[in-house]
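Here is a short briefing on one protein chain. Keep the sequence and the 3D view open while reading.

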Amino acid sequence: MTARPLDQPYRTARTVADFTSALDAVRTRIAAAAAEVGRDPAAVRLLPVSKTVPEDRIRRAVAAGLVRLGENKVQEARRKSENLADLDVEWSLVGHLQTNKAKDVAAFATEFQALDSLRVAQALDRRLQALGRGLDVLVQVNTSDEPSKYGLAPEEVPSFVRTLPTFTALRVRGLMTLAELTTDRERVRGCFTRLRVLRDRLRDSAPDGVGLDDLSMGMSGDYELAVMEGATCVRVGQAVFGPRAVPDSAYWPT
């Protein structure tokens, strides 16, 4: 398989046909990456990330078959969930969360992929309990050891995971990471390997009620490497929607 260059640009999808074509292309590359390491491509969930994408284009993407969308910022995600409430779409928050926004996430999200503190776990659980809801969560891990990045250090994850059964409204499903932003594929792949190895080690000691089946890793420039390292969810934005005018620094720490 020839991997797509990490910095290769994507075309902007504007019509339903554009989105269908882009989704087909991503799924084809997921299948090829999975086949290369003997994995079933059906075990890999594609989560299209619609950050900065206008709502009219999101409607066309949904018409192309999308049923769940990822967003990074709570305010943007909530606005879209309200304005697009007529669509049968679930929302996954994949960006950092401050405790004062927990109420919003509890109200609209079906998944939160960036849990990295007890304060956030407590705030979410309290709000969810009040609403009688549950929430799928993934623990974010900083596998690149970059001080500016969110996420727990790998050595902090075991003790953190052991505390999570206390929060009964949180359904722990696995781990998430962001690879180092570099064109060096070995360094990128190393981040994914590190998360998979950590997950495999944690499975032996995970408390009852904590699931560690999911590995959310890989974005538009590196999702094929993530699939080859065991990703069960890839968070793909630009490869589906096209390039963003807003730089990554507006969403990820640099």
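The points below go from the whole chain to its strands and then to single residues.

This is a predicted model. The protein has 254 residues, and its radius of gyration is 17 Å. Its secondary structure comes to nine helices and eight strands.

**Overall dimensions and packing**

- A compact globule with 254 residues would have a radius of gyration near 18 Å, so the 17 Å of this protein agrees with that expectation.
- The C-alpha trace spans about 45 × 40 × 35 Å along its principal axes.
- Buried residues account for 50% of the 254 residues.
- Take the contacts with a separation of 6 or more: 66% of them link residues 24 or more positions apart.
- The accessible surface is about 11400 Å². Carbon and sulfur atoms supply 47% of that area.

**Annotated domain**

- An unreviewed UniProt entry carries the annotation "domain: Alanine racemase N-terminal" for residues 23–243.
- Within residues 23–243, the chain is 40% helix and 18% strand.
- The C-alpha atoms at the two ends of residues 23–243 lie 15 Å apart.

**Strand β6 and its two partners**

- Strand β6 covers residues 170–177 and is mostly covered, with six of its eight residues buried.
- On one pairing, β6 runs parallel to strand β5 (residues 135–141), and seven bridges join the two.
- Within that β5 pairing, V141 has T177 of β6 as its bridge partner.
- The chain links β5 to β6 by way of helix α6 (residues 157–163), and these three elements make a right-handed β-α-β unit.
- On another pairing, β6 runs parallel to strand β7 (residues 214–216), joined by three bridges.
- Here M176 has S216 of β7 as its bridge partner.
- Helix α7 (residues 185–202) sits in sequence between β6 and β7, and the three make a right-handed β-α-β unit.

**Strands β1 and β8**

- β1 and β8 pair in the parallel sense, with four bridges.
- One of the bridges places R45 opposite C233 in β8.
- Strand β8 covers residues 233–236. C233 and R235 point one way, while V234 and V236 point the other way.
- Are these four β8 residues buried or exposed? All of them are buried.

**The annotated lysine and its loop**

- UniProt, in an unreviewed entry, places "modified residue: N6-(pyridoxal phosphate)lysine" at K51.
- K51 is in the loop between β1 (45–48) and α2 (55–63).
- K51 has a relative accessibility of 4%, so it counts as buried, the cut-off being under 20%.
- T52 is also in the loop between β1 and α2.
- T52 has a relative accessibility of 28% and therefore counts as partly exposed.

**Positive phi angles**

- Most residues other than glycine have a negative phi.
- T52 departs from that pattern, with a positive phi near 70° in a residue other than glycine.
- D145 is not a glycine either, and its phi is positive at about 60°.
- Where does D145 lie? It lies in the loop between β5 and α6.
- D145 has 49% relative accessibility, so it counts as partly exposed, since exposed means over 50%.

**Two buried helix residues**

- V188 is part of helix α7.
- The relative accessible area of V188 is 1%, so V188 is buried.
- V188 and Q113 are 75 residues apart along the chain, and their C-alpha atoms are separated by 19 Å.
- S81 lies in helix α3 (residues 74–83).
- S81 is buried because its relative accessible area of 13% falls under the 20% cut-off.
- Which residues does S81 contact once its neighbours within four places in sequence are left aside? They are W91 and F108.

Methods
Residues numbered from 1 in each chain as written. Predicted model: local features only at pLDDT ≥ 70, side-chain atom pairs only at ≥ 80, totals over all residues. Heavy atoms only, no water. UniProt positions renumbered as here; feature names shortened; annotations may be inferred. Buried < 20%, exposed > 50% of the residue type's maximum accessible area, 1.4 Å probe, protein only. Pairing = 2+ DSSP bridges. Right-handed = clockwise from strand over helix to strand, strands pointing away. Rg over C-alpha atoms; globule rule 2.2 N^0.38 Å. Contact = heavy atoms within 4.5 Å. Areas by Shrake-Rupley, 256 points an atom, 1.4 Å probe, with all protein chains shown as cover.
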